[in-house]
Amino acid sequence: MKQEIELIRSRRRTISIEVTKDQRVIVRAPNRASLTDINRFIGEKADWIDKSLNRMGQLRQEQAQRKELSPQEVKLLVTRAKRIIPQRVRYFADQMGVTYGRITIRMQKSRWGSCSAQGNLNFNCLLMRAPETIVDYVVVHELCHLKEMNHSERFWAEVEKVLPDYKERRKWLKDHENEIMYDSL
């Protein structure tokens, strides 16, 4: 099977390849990079791309076979999140000197949280399956978007001001994402 590759050019300095959970291959390249250089890079990474596509395919199969949460289990998580997350948002927003709009809690399949341009915050009820330190990391991450609406160095510097150990928390979340998102309670 021939894999379609999505090319995204930007002001970045290096070429990178990402294989997404839905088995898309995305190549990010500098505006100035030639197609010859990009294709050479893709060729050098062909084995890695194949392995990653296979791994993502296996993950998707495993996830499809796992037990879905019952409506009652989701309701319990949402109720708990509505009790805990707004408290943490208030605490950190006061500490950071930021104001926010509405807080929404819902079950999401791929995101832990988001921040709209209007300052509204959305959080995944599945965060209630993670340790409190991880909930705090996601809350701070979204609140920092009220200062920097991107993931630039300035954004991460804002996160680090509040949570100096954010890299460990972020790694923990990446390492345990599948079991929190997809494993049954």
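**Figure 1. Secondary structure of the predicted model.** The protein contains six helices and six strands, and the model shown is a predicted one. Along the sequence, these elements are arranged in the pattern β-β-β-α-α-α-β-β-β-α-α-α. Taken along the principal axes, the C-alpha atoms occupy a box of roughly 55 × 40 × 30 Å.

**Figure 2. Burial, contacts and surface of the protein.** The protein has 185 residues, of which 41% count as buried. Among contacts with a separation of 6 or more, 50% are made by residues 24 or more positions apart. The accessible surface amounts to about 11,800 Å², and carbon and sulfur atoms contribute 48% of this area.

**Figure 3. Surroundings of N120.** N120 lies in the loop that connects β5 (113-115) with β6 (121-124). The residue counts as buried because its relative accessibility is 16%, under the 20% cut-off. Its side chain reaches the backbone nitrogen of R102 at 2.7 Å. R102 also appears among the contacts of N120 that remain once neighbours within four places in sequence are set aside; the others are G101, S114 and C115.

**Figure 4. The largest pocket and its lining.** The volume of the largest pocket is about 1,000 Å³. Its lining comprises 24 residues, and those closest to the pocket centre are S110, H151, R170, K174 and E177. At least two lining residues come from each of β2 (16-19), β5, α4 (132-144) and α6 (166-182). Classified by residue type, the lining of the largest pocket consists of nine nonpolar, seven polar and eight charged residues.

How values were computed: Residues are numbered from 1 along each chain as its sequence is written. This is a predicted model: local features need pLDDT of at least 70, side-chain atom pairs count only at pLDDT 80 or more; totals for chains, interfaces and linings use all residues. Side-chain values use heavy atoms; hydrogens and water are left out. Helices (H or I, at least four residues) and strands (E, at least two) are DSSP runs, numbered from the N terminus. Buried means under 20% relative accessible area, exposed over 50%, partly exposed in between (1.4 Å probe, protein chains only). A polar contact is a pair of N or O atoms within 3.5 Å; within protein, one must be able to donate a hydrogen and the other to accept it, and residues adjacent in sequence count only if both atoms are side-chain atoms. Contact means heavy atoms within 4.5 Å. On a 1 Å grid over the protein atoms alone, a cavity is a set of points where a 1.4 Å probe fits but cannot get out, and a pocket is an open set with protein on both sides within 12 Å along at least five of seven lines; lining residues have an atom within 4 Å of a point. Grid points are joined across faces, edges and corners, and a volume is the space filled by probe spheres set on the points. Ala, Val, Leu, Ile, Met, Phe, Trp, Tyr, Cys and Pro count as nonpolar, Asp, Glu, Lys and Arg as charged, and the others, Gly among them, as polar. Accessible areas come from the Shrake-Rupley method with a 1.4 Å probe; for residues, only the protein chains shown count as cover.
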